[in-house]
Amino acid sequence: MSTIVHGQTALHANFGGVVPEIAARAHVEKLDTCVTQALADAGLSLADLDAVAVTAGPGLIGGVVSGVMLAKGICAATNLPLIGVNHLAGHALTPRLTDGIAFPFLMLLVSGGHCQFLLVKDHDDYTRLGGTIDDAPGEAFDKTARILGLPQPGGPSVQQAARGGDAKRFKLPRPLIAQDGCDMSFSGLKTAMIRARDAVIAEKGGLTLQDQADLSAGFQAAVADIIDRKSRWALAQYMAMNPPHPVLAVAGGVAANTEIRARLTALCASMDVAFVAPPLALCTDNAAMIAYAGLERFAAGQTDDMTLSARPRWPLDQTAAPMLGSGKKGAKA
Ligand code: KG4
Ligand code: ZN
């Protein structure tokens with residue numbers, strides 16, 4: 001009924017990336033005013049609610065703890081049921097909120113911290129078909145922007161700079177692209193970007209706007225090629241299940257990229273698969289997706305109690321072998 005997003009981009013702008021302590025503090029400062037605003041916009045009070053859903057991970061722990069504590073406070077005061085939601089489930093279920101699509105569907109989750117193909121069989125049943133073995137594409141966009149002197153977040157600024165660029169001028173690698181399966185890798189591409197930039201600077205003493213545009217276009221085309229090729233592998237595995245209404249859906253901030261969207265739209269059209277890309281505001285982090293994922297858990301009778309804790313690591317597919325950030329503490333996502 002209402003969704004309030006209080007972005008923090010400006011707070012982190014001078015640091016070239018998200019500063020965890022600043023992020024945590026901003027959550028503490030803004031959460032209660034966002035909740036008050038959301039209720040006011042919806043014309044509701046706490047007494048009108050049926051439950052409280054909150055992101056319980058995975059993610060930067062300070063912000064997640066702030067949210068979980070606020071939700072517990074509201075539930076303690078009102079006796080409403082508390083529902084802890086996996087942040088990635090919020091992204092993965094968004095196409096059901098926006099387009100009402102049925103299970104099973106194939107989801108490509110591409111954000112600043114994550115990149116994976118998920119077979120979504122139910123709101124709490126996911127199979128990971130593959131994903132990045134190093135950086136997430138959003139992270140690569142952000143680093144590329146930093147390398148080229150473009151503003152953060154990098155996705156939108158690299159996309160903007162790429163508009164007048166020649167994607168073929170620089171030869172950039174597409175790691176793992178020729179390998180079977182739908183695992184991806186972006187870190188070699190990042191290193192190649194640094195080298196390509198340094199070569200231009202060594203030659204001319206700096207980057208012109210055209211150099212920036214060509215490097216941005218080359219990088220974006222490489223990411224789009226990787227995602228396109230690996231989506232073919234994921235779709236082949238999904239189609240082998242004979243889904244009655246095949247759907248590829250995208251979520252996460254990188255799903256906002258117009259070139260990547262165009263490539264996936266064409267790929268799906270060629271395979272008779274519906275392509276669902278939620279509106280941009282629902283692709284990047286937002287409250288509505290968490291409320292919706294909470295609704296699916298609530299409808300299934302799955303609520304939590306006051307022992308709910310914030311989890312920095314919380315894979316959607318608990319059985320898949322860890323890929324990213326797996327150490328003693330287990331898989332990140
Ligand atoms: O899903 P999200 O809002 O946050 C999480 O990472 O959870 O995704 C943010 C990421 C950032 O890395 C940002 O640079 C990227 O999404 N992004 C884009 C675009 N818009 C945002 N990447 C490529 N093209 C875009 N248009
Ligand atoms: Zn996210």
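I started at A10, which sits in helix α1 (residues 9-12). Worth jotting down early: this is a predicted model. I looked up how open A10 is, and A10 is exposed, with a relative accessible area of 69%; it gets that label because exposed means over 50%. I also checked A10 against Q152: they are 142 residues apart along the chain, yet their C-alpha atoms are separated by 9.1 Å.

Next up, the zinc ion (ligand 2). Which residues hold it? I found H87 (NE2), H91 (NE2) and D285 (OD), at 2.0 to 2.2 Å. I wrote the spacing of these donors as H-x3-H-x193-D. So what links distant parts of the chain here is a pair 198 residues apart: H87 belongs to helix α4 (residues 87-99), while D285 is in the loop between α10 (280-283) and α11 (287-299). The angles among the 4 donor atoms run from 94 to 149 degrees, and I put the site down as irregular.

Are H87 and D285 buried or exposed? H87 is buried at 15% relative accessible area, whereas D285 is partly exposed at 47%.

Then I moved to ligand 1. D285 turns up again: one of its polar backbone atoms is 3.2 Å from an oxygen atom of ligand 1. I noted a polar side-chain atom of D142 at 2.7 Å from a ligand oxygen, and a polar backbone atom of G138 at 3.1 Å from one. On its own ligand 1 exposes 560 Å², and the protein buries 85% of that.

Last, the shell around ligand 1. Helix α6 gives the largest share, 4 residues. By class I got 5 nonpolar, 13 polar and 2 charged residues.

Technical notes. Residues numbered from 1 in each chain as written. Chains lettered and ligands numbered in written order. Predicted model: local features only at pLDDT ≥ 70, side-chain atom pairs only at ≥ 80, totals over all residues. Heavy atoms only, no water. Donors = N, O, S within 2.8 Å, 3.2 Å for Na, K, Ca; no water. Tetrahedral: all angles 85-135°; square planar, octahedral: opposite > 155°, others 65-115°. Helix = DSSP H or I, 4+ residues; strand = E, 2+ residues; numbered from the N terminus. Buried < 20%, exposed > 50% of the residue type's maximum accessible area, 1.4 Å probe, protein only. Polar contact = N/O pair within 3.5 Å; in protein donor to acceptor, adjacent residues only side chain to side chain. Areas by Shrake-Rupley, 256 points an atom, 1.4 Å probe, with all protein chains shown as cover. Nonpolar A, V, L, I, M, F, W, Y, C, P; charged D, E, K, R; others polar.
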